[in-house]
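Got your viewer open? Let's take a short walk, one selection at a time.

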Amino acid sequence: MKYLVIGLGNFGGTLAEELTNNGHDVIGIDYSEQRVDEVKDRISVAYIMDVSERMAMKSLPLDEIDCAIVAIGHSMDNSLRAVAALKELGMKKIYARALDSTHLSILKAMDIQKVFIPERYAAQLFAKECFSEDKGAESK
């Protein structure tokens, strides 16, 4: 599959690398030259771009992308603008990171395929892991 990952910070950069490591083509985008430099050699291609500008998004090969993931973690406004631009440009499969419950509600109202809050998901997994370790220690 071919993925577009928008936002190459801690979450998005790691996600782009993991998708690449699992055999997928990944186009990564961030407005930060430093973040793009950090991952450009570990994913298929990376661009410095302001995705809040719809015209910039138009230059991407969106017809070749199977799934776009908006992983922006610092700005609800930029995240929503990116999702709106992707929808306007005809992207069918969009996943997006939510920063909080309000952002989550807005993204769900935009009718995209998947909305997630990575910190909540990681906390749930970690809690399960802690519970498993605690349970294992009790049985010893």
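For the first stop, take two residues to be in contact when they have heavy atoms within 4.5 Å. And keep in mind that you're looking at a predicted model.

**Stop one: two helices.** Select residues 76-88, which is helix α4, together with residues 101-109, helix α5. Two packed helices are described by the angle between their axes and the distance between the axes. Here the angle is about 10° and the axes are 11 Å apart. Since angles under 35 degrees count as roughly parallel, that makes α4 roughly parallel to α5.

Now show side chains. On the α4 side, pick M76, S79, L80 and V83; their partners in α5 are H103, I106 and L107. Colour that contact by residue class and you get five nonpolar residues, two polar ones and no charged ones.

**Stop two: a pair of rings.** How many aromatic pairs does the structure hold? Just one. Select F11 and F116: the ring centres sit 5.6 Å apart, with 50° between the planes, so the pair counts as tilted (the range between 30 and 60 degrees). F11 is in helix α1 (residues 10-21) and F116 is in strand β6 (residues 114-116), so the pair ties together parts that are 105 residues apart in sequence.

Switch on a surface next. Is F116 buried or exposed? With 18% relative accessibility, F116 counts as buried, while F11, at 25%, counts as partly exposed. The cut-off for buried is under 20%.

**Stop three: a charge over a ring.** Finish by selecting K114 and Y95. K114 lies over the face of Y95, 5.8 Å from the ring centre.

Technical notes
Residues are numbered from 1 along each chain as its sequence is written. This is a predicted model: local features need pLDDT of at least 70, side-chain atom pairs count only at pLDDT 80 or more; totals for chains, interfaces and linings use all residues. Side-chain values use heavy atoms; hydrogens and water are left out. Axes are lines fitted to C-alpha atoms, for helices over the stretch in contact, and angles run from 0 to 180 degrees between N-to-C directions. Helices (H or I, at least four residues) and strands (E, at least two) are DSSP runs, numbered from the N terminus. Angles under 35 degrees count as roughly parallel, over 145 as roughly antiparallel, 65 to 115 as roughly perpendicular and the rest as oblique. Ala, Val, Leu, Ile, Met, Phe, Trp, Tyr, Cys and Pro count as nonpolar, Asp, Glu, Lys and Arg as charged, and the others, Gly among them, as polar. Rings of Phe, Tyr and Trp (its six-membered ring) pair if their centres lie within 6.5 Å; planes under 30 degrees apart count as stacked, over 60 as edge-to-face and the rest as tilted. Buried means under 20% relative accessible area, exposed over 50%, partly exposed in between (1.4 Å probe, protein chains only). A charge sits over a ring if NZ of Lys or CZ of Arg is within 6 Å of the ring centre and within 35 degrees of the ring normal.
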